[in-house]
Amino acid sequence: MPEHPVLAEAEAGYGRENVTVVLVESQRRLEKRPYQRKKLVLLLSAMRHYADDLRRRGYQVDRVKAATFTQGLRQHVTNHRPDQLFTMAASDYDGRRYQQESLQRSHGVPVTIRPNTQFLTSEFDPYPVPEPDKRYLMEYFYRKMRTHYDVLMAGDDPAGGQWNYDKENRKPLPKDNQPPPVIAFEPDDITQQVMQEVAAIRHATGVVEHLYHSKLAAYLNIGLLEPMELIRVVEEAYLAREAPINSAEGFIRQILGWREYIYWQYWRLMPGLYESNYWAAQRPLPQFFWDGQTDMNCLRYIIQRAIHSGYNHHIERLMIICNFCLLAGTDPLAVNEWFLSAYVDAYDWVMVPNV
Ligand SMILES: Cc1cc2nc3c(=O)[nH]c(=O)nc-3n(C[C@H](O)[C@H](O)[C@H](O)COP(=O)(O)OP(=O)(O)OC[C@H]3O[C@@H](n4cnc5c(N)ncnc54)[C@H](O)[C@@H]3O)c2cc1C
């Protein structure tokens with residue numbers, strides 16, 4: 001698991017035995033939307049495993065359950081009287097505004113906010129001063145990222161001579177192709193306890209069972225994996241001739257290109273992006289998004305899958321769900337809310353620009 005970016009700094013200043021990590025489980029946050037239960041299980045289970053891991057390594061951990069995040073943190077500050085608070089910049093707009101504008105004031109403790117390490121653009125911004133009306137294409141953004149981080153490069157040129165090998169990726173799968181088995185783990189005691197608690201949360205949707213279906217985005221988006229870690233593993237597989245260049249490049253482009261580009265555009269265009277509604281679409285989201293009951297076959301199939309598993313792949317999200325919403329004139333804010341509730345990997349920074 002990647003290290004939290006502020007731990008080393010707090011430890012250097014105070015010594016490990018004097019560092020307390022506070023983790024707040026806010027009831028209001030868990031009930032903010034009718035979340036897919038698998039998403040809540042993943043979040044809470046990851047937090048509690050992280051708490052155990054920190055304790056094993058000699059940190060104090062204060063895991064607080066509270067009605068709201070602010071109340072939980074207040075409880076911590078009252079009981080522990082910290083000299084200062086260290087945190088990582090939130091990936092979403094409202095969270096970061098809260099950190100910057102209210103955190104210190106509400107708790108009367110100095111706050112140090114460090115850059116978000118879940119995104120490479122926190123460290124290297126390919127367009128540090130973007131012009132307001134200029135279009136920034138993903139392709140050029142991605143090339144700058146690859147060059148800067150020296151990923152799949154041969155000197156100043158892309159490995160193999162091309163930036164993109166999608167022509168190869170559009171060929172049909174070979175007939176004898178055997179997909180690798182889906183990796184699954186039996187839930188341990190912590191996860192089983194969380195599953196019981198989440199089953200009791202009002203309004204949440206979905207059934208609680210093992211997390212078979214959700215793939216890398218769910219883990220990347222809560223910091224269990226870091227982007228460069230994945231990118232280097234895939235690059236090494238290419239260099240060791242275990243993966244062809246078209247596969248390695250195509251995958252790396254999603255992480256180093258699309259994911260970073262979407263995050264970068266979110267911060268460039270917020271808060272206006274949230275309210276933008278180019279076609280003035282105002283219809284509410286149809287009820288079948290919540291129960292999967294519709295005569296439209298493709299939509300029924302994939303919405304039932306989203307309800308059951310908390311996951312759809314990109315083409316289902318983009319070309320079926322969003323295409324329907326566009327044609328039906330659905331209010332983008334309602335679409336946004338549904339995605340945030342329905343998918344295990346959904347967060348504000350990724351949902352607003354993609355929708
Ligand atoms: C309407 C809509 C909603 C989406 N909602 C989300 C979301 O809530 N969370 C989310 O992480 N992605 C979202 N995406 C992007 C993409 O569809 C998912 O990242 C992907 O389907 C997740 O499955 P995977 O991990 O198996 O990804 P793969 O298809 O294996 O891709 C690998 C990784 O590339 C990254 N990636 C690829 N495309 C994008 C993109 N457009 N934006 C951001 N990251 C990208 C993700 O981290 C993903 O895990 C959305 C796309 C659309 C069109």
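**Exercise 1. Work out whether Arg241 is buried or exposed, and place it in the fold.**

Step 1: start with the cut-offs. Buried means under 20% relative accessible area, exposed means over 50%, and partly exposed is in between, with a 1.4 Å probe and protein chains only.

Step 2: apply them. Arg241 has a relative accessible area of 79%, so it is exposed.

Step 3: find its place. Arg241 sits in the loop between α10 (227-239) and α11. Helices here are DSSP runs of H or I with at least four residues, strands are runs of E with at least two, and both are numbered from the N terminus.

Step 4: check the backbone. Arg241 is not a glycine, yet its phi is positive, about 60°.

A quick word on the model: it is predicted, so local features need pLDDT of at least 70 and side-chain atom pairs count only at pLDDT 80 or more, while totals for chains, interfaces and linings use all residues. Residues are numbered from 1 along each chain as its sequence is written, and side-chain values use heavy atoms, with hydrogens and water left out.

**Exercise 2. Do the same for Arg81.**

Step 1: look between α4 (69-80) and β3 (85-88), where Arg81 lies in the loop.

Step 2: read the accessibility. Arg81 comes out at 65%, so it counts as exposed.

Step 3: turn to phi. Arg81 has a positive value of about 45° although it is not a glycine.

**Exercise 3. Find the cis peptide bond and say which residues it joins.**

Step 1: go to Met270 and Pro271, which are joined by a cis peptide bond with omega of about 5°.

Step 2: place the proline. Pro271 is in the loop between α11 and α12 (272-275).

**Exercise 4. Describe the surroundings of Thr294.**

Step 1: Thr294 belongs to the loop between α13 (288-291) and α14 (297-309).

Step 2: its relative accessible area is 12%, so Thr294 is buried.

Step 3: list its partners, using contact in the sense of heavy atoms within 4.5 Å. Once neighbours within four places in sequence are set aside, Thr294 is in contact with Phe288, Leu299 and Arg300.

Step 4: add the polar side. A polar atom of the Thr294 side chain lies 3.0 Å from the backbone nitrogen of Met296.

**Exercise 5. Show what holds a place around helix α16, starting from Asp331.**

Step 1: Asp331 caps the N-terminal end of α16, with a side-chain oxygen 2.9 Å from the backbone nitrogen of Leu333. The cut-off for a polar contact is a pair of N or O atoms within 3.5 Å; within protein, one must be able to donate a hydrogen and the other to accept it, and residues adjacent in sequence count only if both atoms are side-chain atoms.

Step 2: move along the helix. Among the buried residues of α16 (residues 332-342) are Val335, Trp338 and Phe339.

Step 3: see what lies over them. The cover for the buried residues of α16 includes α3 (37-56), α12, α13, α14, α15 and α17.

Step 4: return to Asp331. Its C-alpha is 5.4 Å from that of Arg283, though the two residues are 48 apart in sequence. Arg283 lies in the loop between α12 and α13, and at 53% relative accessibility it is exposed.

**Exercise 6. Which residues come nearest to the ligand, and what makes up the shell?**

Step 1: a residue is near the ligand if one of its heavy atoms lies within 4 Å of it. Of the 23 residues around the ligand, Asn221, Tyr311, His314, Asp345 and Met351 come nearest.

Step 2: sort the shell. It divides into 13 nonpolar, six polar and four charged residues. Here Ala, Val, Leu, Ile, Met, Phe, Trp, Tyr, Cys and Pro count as nonpolar, Asp, Glu, Lys and Arg as charged, and the others, Gly among them, as polar.

Step 3: trace the helices. The largest share, five residues, comes from α11.

Step 4: pick out polar pairs. An N or O atom in the Tyr311 side chain is 2.7 Å from an oxygen atom of the ligand, and a polar side-chain atom of Arg317 lies 3.2 Å from a ligand nitrogen.
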